[in-house]
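User: I'd like to learn how to read a two-chain model, one feature at a time. Could you walk me through this one?

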Amino acid sequence: MEPTPAIRSSSRETRLLLVTLAVSAILLLVLARFRFPEDRPLPASAVPAGQALERLAARATYDELATLVARVDRRVAPSVLVLEVGSWSVGGADAVELAPLRYAVGLRVRDDMALVALAPDESARMLDDPTAREAEVLARDEMRDLAVVRIPRSPAQTLAIVDIRAQNAAPTYLVAIEAGRAGPAARPFFLGRTDPLIDPRWNQPLTALGGPQAAEPGAFVFTLNAEFAGLVVAAGGLPALAPAAALLAAADELAAGRGRAAGGLGIELQPLTAPLARATGAARGVVVASVDASGPAADLEPGDVIEAIDDRPVASLDQARLLVRSLAPGSTAKLRIRRGGNIVEATVTVRAHPTAGPPAATLGVAVRVRRGIGLEVQAVDEGSAGARAGLRPGDVIVAVNRAPATGAVALTRAWSEAPSGSALLVAFVRDSRGRVTALEKP
Amino acid sequence: MSPTVESSQIGGPDPLDAELAARGAPGGLTYLVRTRAALGLPPLVAPAIAFVPLGIGLGPLGLDLLARPVLAHLDAVLAAALAALGIFAGLAIDWRAPHERRLLAAASLESTLTAAFVTLAAWRLIAAWDLPLDLSPIVAAAVLGLGAAVSSAGHADRADDALVHTATRIADLDDVAPIVLGGILLAGFHGGSPAGAVWLAMVTVGAGLAIAAAGWLLFEHAGRPAERGVFVLGVVLLLGGAAAYLGNSPLLTGLVAGVFWRVAPGRADQVIRDDLRRLQHPLVVLLLIVAGASIAVDRLAVWLLVPFVVFRLAGKLAAGWATSRVAPALMPADLGVRLIPPGLLGLAFVLNVAVATGSSAGGAFVSAVALGTLASEVVAMLAVPARRRS
């Protein structure tokens with residue numbers, strides 16, 4: 001008897017179904033073992049035709065750029081947060097209700113830790129935190145103005161990092177995540193070249209970002225594929241990109257509680273101008289303006305020209321300051337000094353930079369009375385409360401806590417009677433202009 | 001011309017194709033005449049095979065005549081096209097006959113099972129792959145599942161082949177459940193909360209009913225064909241525009257309106273069917289060309305393509321097998337095989353999702369589903385014997 005078509009089709013369908021289900025199951029099991037690869041830029045083609053095709057295929061239209069930036073914004077959102085930054089209570093004093101000086105982006109490097117660009121005299125707190133409590137600073141890298149702060153716990157995302165310079169990615173668009181009152185904001189900017197920039201604070205070359213408008217220091221930078229590229233830092237007054245790898249290494253150090261203080265030598269420096277160059281016979285370097293007699297470089301003299309620090313030539317005042325700050329406190333540094341036409345080598349033991357740390361316990365200001373005017377500052381000890389307040393020799397203090405400064409005793413008595421954790425309001429005149437500062441007492 | 005063919009899914013068989021096929025195309029060309037494409041081109045197995053590649057050629061990957069700004073301007077027209085497709089799906093439902101109600105239930109069961117199968121499999125993969133999506137993995141998987149759930153079966157060329165008629169009706173009616181579920185999915189996406197989603201879905205359905213009621217009154221009182229045509233066009237535009245404004249699916253508003261006209265007294269369903277038939281092929285062509293032009297060379301689309309095709313095939317076969325066992329007397333045993341051809345509504349739904357959600361992954365989904373539609377058509381050619389394909 002001939003089988004009916006219904007029976008034939010049923011068996012065929014069942015066989016087809018079983019085979020298809022088996023193939024689907026195998027496909028599911030096999031494909032589930034893979035992970036979707038992160039987008040990475042294709043290597044530049046060495047063939048001119050290939051380069052032309054790559055340009056043709058480049059997705060650089062502004063519409064697409066906006067879409068890509070929005071996508072980056074969404075993808076990095078779990079990793080970034082905004083902190084209010086101020087200097088209201090550094091050093092453990094009670095919190096003072098002040099408006100934040102600025103907003104800063106924090107990058108979540110652990111579930112409860114964020115990396116943020118924070119100067120040594122700054123503290124941070126969560127944006128819109130109703131309790132206005134400061135975020136606990138777990139460790140600071142005062143040399144690079146970085147800190148790791150504790151933040152509310154939330155799962156940290158794994159960040160893919162990219163080395164812009166190593167991949168020769170320019171020209172390209174990057175996305176800077178900047179901080180604002182409303183939260184993090186993504187802003188694209190164009191990177192035309194990847195010129196290296198040597199900064200002694202970083203053990204890897206930075207990438208120059210161009211003019212000051214390119215990106216705001218403190219912003220974290222991502223590629224259009226949401227890969228972490230680095231942090232915008234100020235180098236020589238211009239924005240530069242600190243590479244992500246170095247940044248995360250620094251974050252690991254800080255997260256482990258290994259902070260780093262900036263170095264100091266107890267000297268004041270000034271730039272080598274043409275007249276000073278003729279007078280000293282130096283062609284390059286920076287001039288020592290004053291020397292702290294109790295500091296590590298007490299052997300130096302005003303008028304000395306520091307030409308090199310640790311065999312690294314000094315070309316400018318900014319570079320010299322960065323070099324000094326990059327020295328680890330407790331280490332030794334070799335200075336090449338031009339003194340009276342001769343070259344002198346000096347080895348000094350680096351100490352911590354005086355701006356670091358809690359408020360000083362000493363007033364550290366020597367004054368003389370200028371009758372009918374006030375108290376003229378004669379000297380200011382490094383690391384003292386006077387130095388932290390920004391007082392300089394030559395300033396004339398005219399009032400202390402709103403009372404006329406009629407004598408040195410009035411100043412020292414006001415300081416000694418001030419309760420711990422308070423601050424004295426000091427009005428002074430500098431360059432014929434009135435100013436106000438505060439002497440903080442720990 | 002049978003009522004079955006008359007109300008069949010747009011993009012599937014149409015009356016002229018049926019006549020061409022009935023006269024008998026030679027040999028292997030038999031299956032190439034399932035649908036006569038628009039613009040007077042020769043009949044093809046499915047218009048997608050002609051017009052999706054045409055869209056690729058005209059789009060950013062080709063001549064860039066349909067550049068992205070142009071495609072953005074076409075979103076409004078696309079909403080109207082989707083609403084028209086929804087209307088056809090709604091008009092295909094016949095509540096009055098018990099047999100038709102059973103078919104609707106069977107078709108809904110089949111498409112829901114397919115959608116569930118593909119959604120679960122895609123969800124597993126998307127979660128494992130850790131895709132860079134701005135949609136949640138389950139929503140992304142559901143988009144693929146619903147896009148895979150619809151079918152476009154071949155037509156019956158022999159009046160006495162009742163089981164083939166049944167398979168065709170199943171293919172016609174299996175759009176309904178995915179359209180409804182897709183509307184709920186989009187309402188959930190834009191609603192913000194369960195209550196918001198329910199409210200948005202109700203508003204969408206209400207808008208469709210209100211516009212359908214207004215159109216019903218207009219059609220019934222239109223004096224001249226030209227006047228009636230303007231009303232029809234206006235109502236379709238309203239259905240598409242209202243859904244786009246709500247961020248929901250024009251397919252759903254169109255479906256609601258089609259069902260309303262089908263059950264409303266008078267001749268509204270016949271009026272809208274006659275008038276929309278003139279727009280049928282241009283709308284299909286527009287939809288397919290826009291889908292083709294929206295295709296992007298995207299790694300995500302490549303990753304999704306093969307799983308979409310394979311899981312859809314398995315889902316269709318499994319759902320067809322299960323449905324035919326639920327009502328063995330009613331359904332052909334090879335129902336699943338007959339439902340392999342994908343039709344257009346899946347592609348239409350994914351285009352709708354891409355526009356309505358604004359997802360950055362929308363282009364990849366459209367690319368995967370459009371290319372998957374082409375691949376599924378090829379699979380259908382190989383899997384469905386010519387004898388069954390008619």
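Analyst: Let's start with what touching means here: two residues are in contact when they have heavy atoms within 4.5 Å. Keep in mind that this is a predicted model. With that cut-off, B:S111 touches B:A149, B:D174, B:A177 and B:P178, leaving aside residues up to four places away in sequence. B:S111 itself sits in helix α6 of chain B.

User: Is B:S111 buried or exposed?

Analyst: The cut-off for buried is under 20% relative accessible area. B:S111 counts as buried because its relative accessibility is 0%.

User: B:D174 turned up among those neighbors. Which residue does B:D174 form a salt bridge with?

Analyst: For a salt bridge, look for a side-chain nitrogen of Lys or Arg within 4 Å of a carboxyl oxygen of Asp or Glu. B:D174 pairs with B:K316, and their closest N and O atoms are 3.3 Å apart. B:D174 is in the loop between α8 (162–173) and α9 (176–191) of chain B, while B:K316 is in helix α14 of chain B, so the pair ties together parts 142 residues apart in sequence. As for accessibility, B:D174 is buried at 0%, and B:K316 is buried at 0% as well.

User: How many salt bridges are there over all chains, and what about chain A?

Analyst: The rule gives 17 over all chains. One of them joins A:R110 and A:D252, with the closest N and O atoms 3.0 Å apart. That pair links distant parts of the chain: A:R110 belongs to strand β2 (residues 102–110) of chain A and A:D252 to helix α4 (residues 244–255) of chain A, 142 residues apart. A:R110 is partly exposed at 32% relative accessibility, and A:D252 is partly exposed at 38%.

Then there's A:D141 with A:R144, where the closest N and O atoms are 3.5 Å apart. Here A:D141 is buried at 5%, and A:R144 is buried at 14%. Salt bridges can also join up into a network, as they do for A:E301, A:D304 and A:R339.

User: What's the overall make-up of chain A?

Analyst: Count the elements, then check burial and contacts. Chain A has eight helices and 27 strands. Of its 442 residues, 43% count as buried. Among contacts in chain A with a separation of 6 or more, 57% come from residues 24 or more positions apart.

User: Now the cores. Which residues have the most contacts inside the largest nonpolar core?

Analyst: Picture buried nonpolar side chains joined through atoms within 4.5 Å. The largest such core has 112 residues, and B:W261 and B:F365 have the most contacts inside it. Helix α13 (residues 268–294) of chain B is the biggest giver to this core, with 14 residues. To see one of those two residues up close, take B:F365: it touches B:L133, B:A140, B:V143, B:L144, B:L304 and B:V350, again not counting residues up to four places away in sequence. A second, separate core has 39 residues, including A:M113, A:L115, A:L127 and A:A251.

User: And a polar residue like B:T253: where is it, and what does its side chain reach?

Analyst: Find the element, then the accessibility, then the partners. B:T253 is in helix α12 (residues 250–263) of chain B. B:T253 counts as buried because its relative accessible area is 1%. Its side chain reaches the backbone oxygen of B:P250 at 2.9 Å. B:T253 also touches B:T204, B:G208, B:L239 and B:A243, with residues up to four places away in sequence left out.

User: Last one: how do I read the interface between the two chains?

Analyst: Interface size is often given as the accessible area lost when the parts come together. Between chain B and chain A that comes to about 2,700 Å², with carbon and sulfur atoms giving 65%. On the chain B side, the elements giving two or more residues are α4 (68–73), α6 (98–129), α14 (299–326) and α15 (335–338). α14(B) gives the most, with 14 residues. By type, this side of chain B divides into 24 nonpolar, three polar and eight charged residues.

User: How many residues are in contact, and how many salt bridges cross over?

Analyst: 35 residues of chain B are in contact with 28 residues of chain A. The salt bridge count between the two chains is zero, and the rule finds one residue pair in polar contact across the interface, both at pLDDT 80 or more.

Key:
Residues are numbered from 1 along each chain as its sequence is written. Chains are lettered from A and ligands numbered from 1 in the order in which they are written. This is a predicted model: local features need pLDDT of at least 70, side-chain atom pairs count only at pLDDT 80 or more; totals for chains, interfaces and linings use all residues. Side-chain values use heavy atoms; hydrogens and water are left out. Buried area is the accessible area (1.4 Å probe) that two parts lose on being put together, summed over both. A polar contact is a pair of N or O atoms within 3.5 Å; within protein, one must be able to donate a hydrogen and the other to accept it, and residues adjacent in sequence count only if both atoms are side-chain atoms. Helices (H or I, at least four residues) and strands (E, at least two) are DSSP runs, numbered from the N terminus. Ala, Val, Leu, Ile, Met, Phe, Trp, Tyr, Cys and Pro count as nonpolar, Asp, Glu, Lys and Arg as charged, and the others, Gly among them, as polar. Buried means under 20% relative accessible area, exposed over 50%, partly exposed in between (1.4 Å probe, protein chains only).
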